[in-house]
Amino acid sequence: MIGQFTTIALISFIAFIAPLLAERVRVPAIVLEIILGAIFGISFLNLIQESEWLSFLSLFGLIFLMFLSGLEIDFDVISKGRDVLSVIAFFLISLSLATFFSFLLNLNLFYAIILTNVAVGVVVSSLREMRLEKEKFGQINIVAAFITDFSTMFLLSLYFLSGINQIIFAFLIIAAFLAAYRFGKLAIWYFPNFVSRWFTDEPSEIGVRGSLAIMILFVGLSSLLGVEAILGAFLAGVLLSLTFRGGKKLYDKLYGMGYGFFIPIFFIKTGSELNLTAEMLSLILTLLLVSFAIKIVPSLIFSGEFGTRSAVAMGLLQSTKLSLTIAGVSIAVAASVISRAEATALISFTVISCLLSPTLFRMVYSTGK
Amino acid sequence: MNIIIGSGEKVSVIASKLSDSLIVDRNPESAANLEFKGFNVLNADASDAEILSKFDTSSRLILADDDEFNLKVARVAKTLGFEDIVAISSDESKCSIYDREGVKKICNTIDNLLNLLLERDRYIEIPVGSEFEGMELKEFDPGEDCTVVSVFRDGKVLQPHPEMIVQKGDTLGVICGEEVRVSKNPFNAILILERGQRDDEIVVEAEMLAKRFSASIIVFQKKGNAYACNLRGYSDKIELEEAIDILKKSDELDLIVTSLEEKNEGALKNLVSKFPTLLVTGRTDYRKILAIANSKCPDKIINMAKAFSRFFGNVKVLLLEKEQLKHFSKFTETELEVKVSEGNPMVDAIKEFKSGYDLTILSIKNDLGNIDRDILWKMILDKNTSVLVVD
């Protein structure tokens, strides 16, 4: 018992210092969480011991991550976004290319989904850094990231379904989702006084409790039906985002819980399980090259509007991977879709991609201006 | 002096709004026609340097002909030393060409142009003499389309409020213009649009408004597929679209009063794009009024709120974002209760909407805040509250 607490104390400390260090070296905090996890984990110091507590907290972190990813999808951006059709074309081409390469390299279809995925957070913050987020180029990039993110998360959830029963069950969850959405809208219209309490500062934190109840309800429903918990968590997040369409205070509290405690534990634990060997390098390199190719080629449909250089820059930016890729990998390991060695390669690839892609984007985009 | 170059209706609209103007029209027929209407017209080719050189170069040139001719005149005018040149062009792609020719401002509609031209004379300062001393600001009447926006006292700028007492030696900063008029007395003419449903309620509410705002009433009734109306010169059957267009052009209408039974986005947008449209519930008074600022440019909503508070009192404005407070820097003579949404704007708006208002003012654009389109329509069609929909 004491041993379990020391591990958790160590992880909490890493979670605390990771963002502080990340600011210094100017990389996303998640990257440092994984690297520090790897240093303290089995490959080097071996201080992070596997335990039930840790597994639970890390799993909860993953569920929270999926929930907040759903919550962060801004449907207003998509519905009011310009050129949604060409963005959808962009997504479909990159997904097809990813599928093609996966077959060519004799990889699992899971890779195609992971390679298509994009880190919305990194895309938005890179654009913001260059003051592009309000311009048309930036807007198209943001809409593309949201649509890609939503679609790949959805595909990922479907991918882990096996057998006709699970597919039917998944549709049951989606039906529950639609019913809850309908119900939510009616509740807002008929009981605005009650719903508004979710968004104000009440000592009892009704909003946080309600949101968590909805999240866990969907996760429970998923596991009851034998579907991956991420689908439920993700749909619960999307449900809140679609029904309430914003509500900063409540969201901030949920982010505080998720990103402040549970989610870092998930990333650090994932890092601690990395066991990097030299043979993985070729797979990592291949994945990097493919991830650039499958985004740069479809971005060229925007070259007429922004010029070839900017289109290539867009491809580089859209190839960025981060949190959801890692989430997908850890689920795939648990489901024995990929081996531990593959997982290590994929996570290393993700870390490199999230450091490399935005940098290349900045270089290519700025030299053109 | 304003020298307007162009022909036809377009220049007559511009000339009628500007004092001290001369139209230079190269088309003899149109020139004769304009002269007949009482405008100051010269039938000549303005691209001829000899013609332009007759005018003082400090005059303002307003180019309202086709793009090719406008540019030709601009080139000549520049060589003669004219500096104040504005142009009206419907083709945005021509902007860069105008820019190169040194034309200051391109305005794509006549309204924009007029706003631009009239803007310059809108701010005046009035020194307070002994005749106004001791007066409360709300008693001070600067005229129907003017309002006090600032008070200068002892070298300081004060924010005016209705109870502020004016002192000798103060200087009042006054802004005048159409927008101000709208917020002071928005309705001169009201159109009753009867569609065979809830017609009694429409008439009751429109008459109440006409009485309050001292406005005249135009009636439209549905007869078969067309409408009949008492619009001057159009007693015969007339299509609604056509009638609205005529009223828009002649600037003879300020408000449409009608009813709507089911969601019809196209039809309502069409009306609202021309005039504010009130969907009635048959009220004979508005005791409580709510304005929801669900637009990126909430000025129209706020102006309506001010106007209604002047004639009915008790108006609450719900701002969906804190930044919208900046739109309130200039209100003076009316008191609105302003509330900013603290939690979820959509939920707060519904909560307010449902707490018993007689009239709700909102924008059909709905491009600010998170109010769902379905929810917006539920509000518009709600039978407990009359809804004034603005653009």
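**Exercise 1. Tyr159(A) and its ring partner**

Task: Decide whether Tyr159(A) is buried, partly exposed or exposed, and describe how its ring meets that of Phe160(A).

Solution: Begin with the accessibility of Tyr159(A) in this predicted model: its relative accessible area is 24%. Because buried requires a value under 20% and exposed a value over 50%, Tyr159(A) counts as partly exposed. Next take Phe160(A), whose relative accessibility of 11% places it among the buried residues. Turn then to the geometry, bearing in mind that a pair of aromatic rings is described by the distance of the centres and the angle of the planes. For Tyr159(A) and Phe160(A) the centres are 5.4 Å apart and the planes stand at 85° to each other, which makes the pair edge-to-face.

**Exercise 2. Aromatic rings of helix α3**

Task: Find how Phe64(A) and Phe67(A) are placed along helix α3 of chain A, and identify which cluster of rings they belong to.

Solution: Start from the count, which comes to 31 aromatic pairs over all chains. One of these pairs is formed by Phe64(A) and Phe67(A), with 6.2 Å from centre to centre and 80° between the planes, an edge-to-face arrangement. Helix α3 of chain A covers residues 52-72, and because the two phenylalanines are 3 residues apart within it, about one helical turn separates them. Phe64(A) and Phe67(A) are both buried. As a last step, follow the ring pairs outward: they join Phe64(A) and Phe67(A) with Phe56(A), Phe60(A), Phe261(A) and Phe262(A) into a cluster.

**Exercise 3. The build of chain A**

Task: Work out what secondary structure chain A has, and how its radius of gyration stands against the globule rule.

Solution: Count the elements of chain A, and the result is 18 helices and 0 strands. The radius of gyration of chain A is 20 Å, while the globule rule gives 21 Å for 369 residues; the two values are close, so chain A is as compact as a globular protein of that length. Along the principal axes, the C-alpha atoms of chain A fill a box of roughly 55 × 50 × 45 Å. Of its 369 residues, 53% count as buried. Contacts in chain A between residues at least 6 apart in sequence join residues at least 24 apart in 81% of cases. The exposed area of chain A is about 16200 Å², of which carbon and sulfur atoms supply 69%.

**Exercise 4. Positive phi in two loops**

Task: Locate Asn106(A) and Arg131(A) in chain A, and state whether each is buried or exposed.

Solution: Recall that most residues other than glycine have a negative phi. Asn106(A), although not a glycine, has a positive phi of about 60°. Asn106(A) sits in the loop between α5 (84-104) and α6 (109-116), and its relative accessibility of 71% makes it exposed. Arg131(A) is also a residue other than glycine, and its phi is positive, near 55°. The loop that holds Arg131(A) runs between α7 (120-129) and α8 (136-159), and with a relative accessible area of 70% Arg131(A) is exposed.

**Exercise 5. Chain B, from domains to residues**

Task: Set out the domains of chain B, then give the surroundings of Ser12(B) and Glu337(B).

Solution: Chain B has 13 helices and 20 strands, and 51% of its 391 residues count as buried. The domain assignment divides chain B into domain 1 (2-119), domain 2 (123-176) and domain 3 (184-390), with 32 Å between the C-alpha centres of domain 2 and domain 3. Ser12(B) belongs to helix α1, residues 8-17, and is buried at 9% relative accessibility. Beyond the neighbours within four places in sequence, Ser12(B) contacts Leu34(B) and Phe39(B). Glu337(B) belongs to strand β18, residues 337-340, and is partly exposed at 41%. With its neighbours within four places again left aside, Glu337(B) contacts Val315(B), Lys316(B) and Val317(B), while its C-alpha atom is 8.5 Å from that of Leu318(B), which is 19 residues away along the chain.

**Exercise 6. Charges over rings in chain B**

Task: State which rings Arg26(B) and Lys288(B) lie over.

Solution: Arg26(B) lies over the face of Phe69(B), 3.9 Å from the ring centre. Lys288(B) lies over the face of Tyr357(B), where the distance to the ring centre is 4.7 Å.

Conventions:
Residues numbered from 1 in each chain as written. Chains lettered and ligands numbered in written order. Predicted model: local features only at pLDDT ≥ 70, side-chain atom pairs only at ≥ 80, totals over all residues. Heavy atoms only, no water. Helix = DSSP H or I, 4+ residues; strand = E, 2+ residues; numbered from the N terminus. Buried < 20%, exposed > 50% of the residue type's maximum accessible area, 1.4 Å probe, protein only. Phe/Tyr/Trp six-rings, centres within 6.5 Å; stacked < 30°, edge-to-face > 60°. Lys NZ or Arg CZ within 6 Å of the ring centre and 35° of its normal. Rg over C-alpha atoms; globule rule 2.2 N^0.38 Å. Contact = heavy atoms within 4.5 Å. Areas by Shrake-Rupley, 256 points an atom, 1.4 Å probe, with all protein chains shown as cover. Domains from an automatic or database assignment.
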